[in-house]
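Q: Please take a close look at one part of this structure and explain, step by step, how it is built into its surroundings.

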Amino acid sequence: MRDRDAGCGQERRQRRLVRVVVSVEQRLVAGVSVVVVDPEVGTLRRALAAQAHGYSFVAPDNGLLSPILDGATVVELAVPPEASTTFHGRDVFAPAAARLVMGEALSELGPVAADAVCTPLPVARQEAGGVRGEVVYID
């Protein structure tokens with residue numbers, strides 16, 4: 001896994017999005033989840049599909065899959081040359097999800113991606129006089 005190396009504002013946004021994925025993951029039923037929060041669409045960021053804990057996910061390689069990376073099998077999806085530079089949700093992620101729903105094996109979607117971007121959530125720590133942490137999401 002690669003740690004997210006981003007500017008301060010981008011890093012905070014990514015941590016908030018990861019927290020949303022964590023909260024949603026706790027409510028999932030069997031199936032395939034397509035997670036598309038993708039400010040880097042059209043850049044060299046990779047497209048990924050992953051399976052972990054009995055669930056399948058399709059998402060950009062921007063840290064959103066961080067909560068499920070431990071023990072996950074992750075593959076890189078090919079971006080077809082005709083794919084729009086602004087609609088990878090439609091042109092890359094949805095077709096990959098459909099293939100998984102139809103029973104295609106994850107390994108048939110692309111080569112293993114062993115170094116997916118990981119955006120760790122901050123950890124609270126005990127300090128003299130209290131606890132220091134960071135609020136990353138309020139609902």
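**A hairpin and its surroundings**

A: In the hairpin formed by β3 and β4, 2 residues lie between the strands, and His53 takes a positive phi near 55 degrees. Before going further, please keep in mind that the model is predicted.

The two strands of this hairpin are a good place to begin. β3 and β4 pair in the antiparallel sense, and 6 bridges hold this pairing in the description. Two of the partnerships can be found by name: Leu48 has Ala59 as its bridge partner in β4, while the bridge partner of Ala49 in β4 is Val58.

Each strand of the hairpin also has another neighbour. On the side of β4, strand β2, which covers residues 32–34, is joined to β4 by 3 bridges, and these two strands run parallel. Here Val34 has Val58 as its bridge partner in β4, and Val58 is also the residue in β4 that partners Ala49. On the side of β3, 5 bridges join this strand to β5, made of residues 73–77, and the two run antiparallel. Leu48, whose partner in β4 is Ala59, stands opposite Glu76 in β5.

With these pairings in mind, we can ask how well the two strands are covered. In β3, 5 of the 6 residues are buried, and the strand is thus mostly covered. In β4, too, 5 of the 6 residues are buried, so this strand is largely enclosed by the rest of the structure. To count as buried, a residue must have under 20% relative accessible area. For the protein chain as a whole, which has 139 residues, 39% count as buried.

The hairpin strands also contribute to a nonpolar core. The largest such core has 14 residues, and those with the most contacts inside it are Leu48, Ala50, Leu65, Ile68, Leu69 and Val74. The elements that give two or more residues to this core are β3, residues 47–52, and β4, residues 55–60. The largest share, 3 residues, comes from β3. A general tendency fits this picture: in soluble globular proteins, nonpolar side chains tend to be buried together. Leu65 shows how the contacts reach the hairpin, for Leu65 touches Leu48, Ala50, Phe57 and Ala59, when residues up to four places away in sequence are not counted. Apart from this core lies another one, of 13 residues, among them Val75, Leu77, Ala96 and Ala97.

A residue of another kind deserves attention just before β3. Arg46 has its place in the loop between β2 and β3, and at 16% relative accessibility it counts as buried, because the limit for that word is under 20%. The side chain of Arg46 makes a polar contact of 2.8 Å with the side chain of Asp61, and a further polar contact, of 3.1 Å, joins the side chains of Arg46 and Asp115.

Finally, the hairpin can be placed within the protein chain, which has 2 helices and 8 strands. From the N terminus on, the elements follow the order β-α-β-β-β-β-α-β-β-β. Among contacts in the protein chain with a separation of 6 or more, 70% are between residues 24 or more positions apart.

Technical notes: Residues are numbered from 1 along each chain as its sequence is written. This is a predicted model: local features need pLDDT of at least 70, side-chain atom pairs count only at pLDDT 80 or more; totals for chains, interfaces and linings use all residues. Side-chain values use heavy atoms; hydrogens and water are left out. A nonpolar core is a set of buried Ala, Val, Leu, Ile, Met, Phe, Trp, Tyr and Cys residues joined through side-chain atoms within 4.5 Å. Buried means under 20% relative accessible area, exposed over 50%, partly exposed in between (1.4 Å probe, protein chains only). Helices (H or I, at least four residues) and strands (E, at least two) are DSSP runs, numbered from the N terminus. Contact means heavy atoms within 4.5 Å. Two strands pair if DSSP finds at least two bridges between them. A polar contact is a pair of N or O atoms within 3.5 Å; within protein, one must be able to donate a hydrogen and the other to accept it, and residues adjacent in sequence count only if both atoms are side-chain atoms.
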